[in-house]
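Trainee: I have a protein model open and would like to learn how to read it. Could we go through it together?

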Amino acid sequence: MTTAKKTGRTFLFRIPPKADLCEALEKFLARKKIRLGTVSAIGALSQATIGYYDQEKRKYFKKTIKGELEIVACIGNVSLKDGKPFPHLHAALSDTKMRLLGGHLFPGSTVFVAEVQVQEIKGKPYARRLDSATGLPLWPIR
Amino acid sequence: MTTAKKTGRTFLFRIPPKADLCEALEKFLARKKIRLGTVSAIGALSQATIGYYDQEKRKYFKKTIKGELEIVACIGNVSLKDGKPFPHLHAALSDTKMRLLGGHLFPGSTVFVAEVQVQEIKGKPYARRLDSATGLPLWPIR
Amino acid sequence: MTTAKKTGRTFLFRIPPKADLCEALEKFLARKKIRLGTVSAIGALSQATIGYYDQEKRKYFKKTIKGELEIVACIGNVSLKDGKPFPHLHAALSDTKMRLLGGHLFPGSTVFVAEVQVQEIKGKPYARRLDSATGLPLWPIR
């Protein structure tokens, strides 16, 4: 995975209000057959489901927050999980006091406005597989 | 807007101390005729004007913070607004206790150091127009 | 530095658990001879060393935090410092309450999982030199 690659297609688009950010992006990736790449997004959510991974207990802790949240910085990547394009996204969100919260972004995050860039990377896609050292679905290290 | 595009020119540059980050970037985009693209920046500010969009009242609430702030992650995009290249930027900033605050970044944000990347995207530019569903100047969805 | 450039090679890879994020990335850049570019990463750390630059005293204040931290958004760039490829990274991290903290990312940051993209930019590399106005090693402005 440390071999040099080239960038492919670029997409800059808006996900409509009320869509689930993760699910809408996943559908977009499947439709466009984007199997490897990077993602970034800004905008606002009306609900967010974020989590952190407990490195000892090896499970995600999630919480769902309703309310007005700016997507201050959402970045991530695209690879295959269970044979399908999967967006792995982390997001920094701001509340109405402009304080930041965030973590891993899960389905259950509702778009108010989302301006998203997807940058395809050409070449053999990566497949996530359960990694015994961390308990997470990860790319192999070679 | 979901048609595949290609990346164009890349710029990696520094905005000088005391400049207004948004205004300096807007001038740069106009001078280079960059009408569609993405932006990312890190550095530090001596003053920031950030805001969030009240999704019910349909207006931005802003505040200006003076003091030492790291630009932890500033990301955004470029499109046309009122016929001119417009950078839509969100920023995560840290205070001297290393706690994060942020939101939409407005003019009134003064550079101490700013290292900026602008990635042009080729093709027909997008124009922001008032969207009746949100009250915001948005790209059309097609 | 405001002349148009082109993107070069792209790398999307994982840094193994227990590695020092900054040092592992620095070695990667040296091995691949990447002298100019941008970086983004998500994942999780088991320890982080972050700091902010005191703009008056002209020195970094650092702190090291042990514990579970998501890398919510780590972005930065690559240029030459002391003749070697140097990653300048800022990071937004979340604690187990999903509150965000962050700043400049220093060596002393231990990977639990790190998924990293490096985008090379072609052309003449930039060299950081001590800037008398800020006290920081910066790119020249031309």
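Trainee: How many residues of chain A are in contact with chain C, and how many of chain C with chain A?

Mentor: Happy to help! Keep in mind that this is a predicted model. To read an interface, begin with who touches whom: here 44 residues of chain A contact 37 residues of chain C. Three residues of chain A stand out, since A:Tyr52, A:Gln55 and A:Ile75 supply 22% of the area that chain A buries against chain C, more than any other three residues.

Trainee: What is the area buried between chain A and chain C, and what share do carbon and sulfur atoms give?

Mentor: The buried area is about 3100 Å², and carbon and sulfur atoms give 65% of that.

Trainee: Which side chains meet in a salt bridge?

Mentor: For a salt bridge, look for a side-chain nitrogen of Lys or Arg within 4 Å of a carboxyl oxygen of Asp or Glu. The rule finds 1 across the interface of chain A and chain C. A:Arg128 and C:Glu115 form it, at 2.8 Å from N to O. You can also look for polar contacts: 15 residue pairs make them across this interface, both residues being at pLDDT 80 or more.

Trainee: Which elements give two or more residues to the side of chain A that touches chain C?

Mentor: In chain A, they are strands S2 (37-54), S3 (59-81), S4 (84-94) and S5 (100-105). S3(A) brings the largest share, 8 residues. Sorted by class, that side of chain A has 21 nonpolar, 15 polar and 8 charged residues.

Trainee: What rotation superposes chain A on chain C?

Mentor: To relate two copies, ask for the turn and the shift along its axis. Here the turn is 120°, with 0.0 Å of shift and an RMSD of 0.0 Å. That is the relation of a three-fold axis. In chain A, the C-alpha nearest the axis belongs to A:Leu100, 3.2 Å away from it. The two copies use different surfaces, as 7% of the contact residues of chain A recur in chain C.

Trainee: How many helices and strands does chain A have?

Mentor: Chain A has 1 helix and 8 strands, in the order β-α-β-β-β-β-β-β-β along the sequence.

Trainee: And what is the radius of gyration of chain A?

Mentor: Compare the value with what a compact globule would have. For 142 residues that would be near 14 Å, and chain A has 15 Å, which agrees. Along its principal axes, the C-alpha trace of chain A spans about 45 × 40 × 20 Å.

How values were computed:
Residues numbered from 1 in each chain as written. Chains lettered and ligands numbered in written order. Predicted model: local features only at pLDDT ≥ 70, side-chain atom pairs only at ≥ 80, totals over all residues. Heavy atoms only, no water. Contact = heavy atoms within 4.5 Å. Buried area = accessible area lost by both parts, 1.4 Å probe. Polar contact = N/O pair within 3.5 Å; in protein donor to acceptor, adjacent residues only side chain to side chain. Helix = DSSP H or I, 4+ residues; strand = E, 2+ residues; numbered from the N terminus. Nonpolar A, V, L, I, M, F, W, Y, C, P; charged D, E, K, R; others polar. Least-squares fit on C-alpha atoms with pLDDT ≥ 70 in both. Rg over C-alpha atoms; globule rule 2.2 N^0.38 Å.
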